[in-house]
Amino acid sequence: MLFITSLIFTSLFYFAGTTVVALPADVGEADVASAVSSSHQKRYSPSAPYFVEYFDASVSGVTGAPPVSDVSGYNVFILAFLLIEGAWDNAEGWTELTADERSSTKADYNDAGIALMVSVFGSTDTPTTSGADPTDTANTMAAWVVEYGLDGIDVDYEDFDAMDSGTAEAWLVTFTTQLRNQLPAGDYIITHAPVAPWFSPNIWTNGGYLEVNSEVGDLIDWYNVQFYNQGASEYTTCDGLLNTSSSTWPESALFQIIANGVASDMLVIGKPATTGDASTGYMSSSTLATCVEDAKAEGWDAGVMVWEYPDAGTSWITTVRADSWPVSS
Ligand SMILES: *[C@@H]1O[C@H](CO)[C@@H](O)[C@H](O)[C@H]1NC(C)=O
């Protein structure tokens, strides 16, 4: 992800005025809320396909999460970021609401079939390189998720030096294991957001995300795969995104990752909303819709992730889903 601090964005104001209200097409079958005895908050977990939107930007008048009517067509909304030093940007905004405001906003989201999560680390934190203990960090972050009443946690680990040197895998395995100990399956969602090249075989010293997946993939609900920021012509056509990645990042297109052993229904395609939301990897929403249609025709049903609100709202996801899982109105 691109990490945008509050400071940089305090002078920018966005207006997300859409009032279209439409539930995700799959809300009925996905209505798997479960009460957790340790907390008054109910948890909500949708089923695949997942339509995921991040929110790190500063939007005038929005503290924490926007009105749910602005994110119709998604079933997962992720506040960013919780850092090692504490909650930041919209994760911090969430803590500034009263407990009643949080539970009423979360109920609005869940009633609309949308899970509300927090993302951790982003491109600011380099947890392994900076020496953070994976077990302690997992305990702290899991406690925050419980305290602030969210449906789950997204691990946006971007410690590139650690992946290069081969220390990332073991850190992520320990971190994920402890996170799952604290946030049990069925009660809480745990996702990861690796960049697509981390699934390339034979590049990473200790196996990259193929190794992470083989060790703790069964503790992870799905991957919000970042198919962007990896080079000017990487993942910009349906063929490059789905079938054949470049020789720079071999075997990291969607179906190549699946062929290398990652479950098809865990691989959510992540894209930037606009050219301004990432350095590279942008694809128009209408082109992406045709890729999603192709992938669906080949049996994939994991879904789509976008970085970020408010640049992508209901109209973006409505276009992206149009040829596969149309948003009902
Ligand atoms: C990807 O491969 C499948 C299976 O061979 C093929 O049907 C499809 O047309 C390819 N998609 C693109 C965009 O090349």
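I take angles under 35 degrees as roughly parallel, over 145 as roughly antiparallel, 65 to 115 as roughly perpendicular and the rest as oblique. My axes are lines fitted to C-alpha atoms, for helices over the stretch in contact, with angles running from 0 to 180 degrees between N-to-C directions.

I note that this is a predicted model, in which local features need pLDDT of at least 70 and side-chain atom pairs count only at pLDDT 80 or more, while totals for chains, interfaces and linings use all residues. Residues are numbered from 1 along each chain as its sequence is written.

**Helix pair.** I looked up α10 (residues 285-297) and α11 (residues 314-321), helices here being DSSP runs of H or I with at least four residues and strands runs of E with at least two, numbered from the N terminus. They pack at an angle of about 40°, with their axes 7 Å apart, and α10 and α11 are therefore oblique to each other. Taking contact as C-beta atoms, placed from the backbone, within 7 Å, I found S285, S286, L288, A289 and V292 of α10 meeting W316, T319 and V320 of α11. By class this contact holds five nonpolar, three polar and no charged residues, where Ala, Val, Leu, Ile, Met, Phe, Trp, Tyr, Cys and Pro count as nonpolar, Asp, Glu, Lys and Arg as charged, and the others, Gly among them, as polar.

**Chain and burial.** I counted eleven helices and eleven strands in the protein chain. Of its 329 residues, 51% count as buried, that is, with 20 or more other C-beta atoms within 10 Å of their own, C-beta atoms being placed from the backbone. In helix α7 (residues 208-216), seven of the nine residues are buried, namely G208, Y209, L210, E211, V212, N213 and V216. The cover over these buried residues of α7 includes α5 (160-165) and α6 (168-182).

**Strand β6.** I then turned to β6 (residues 115-122), where eight of eight residues are buried. Strand β4 (residues 76-83) pairs with β6 in the parallel sense over six bridges, pairing requiring at least two DSSP bridges between the strands; A80 stands opposite S119 in β6. Strand β7 (residues 152-157) also runs parallel to β6, joined by six bridges, and I153 in β7 is the bridge partner of V118.

**Ligand.** Last, I listed the residues around the ligand, C238, D239, L242, N243 and D294, each with its C-beta atom, placed from the backbone, within 6 Å of the molecule. Helix α8 (residues 238-243) gives the largest share of this shell, four residues, and the shell divides into two nonpolar, one polar and two charged residues.

Note on methods
A residue is buried if 20 or more other C-beta atoms lie within 10 Å of its own, exposed if 12 or fewer, and partly exposed in between; C-beta atoms are placed from the backbone. Two residues are in contact if their C-beta atoms, placed from the backbone, lie within 7 Å.
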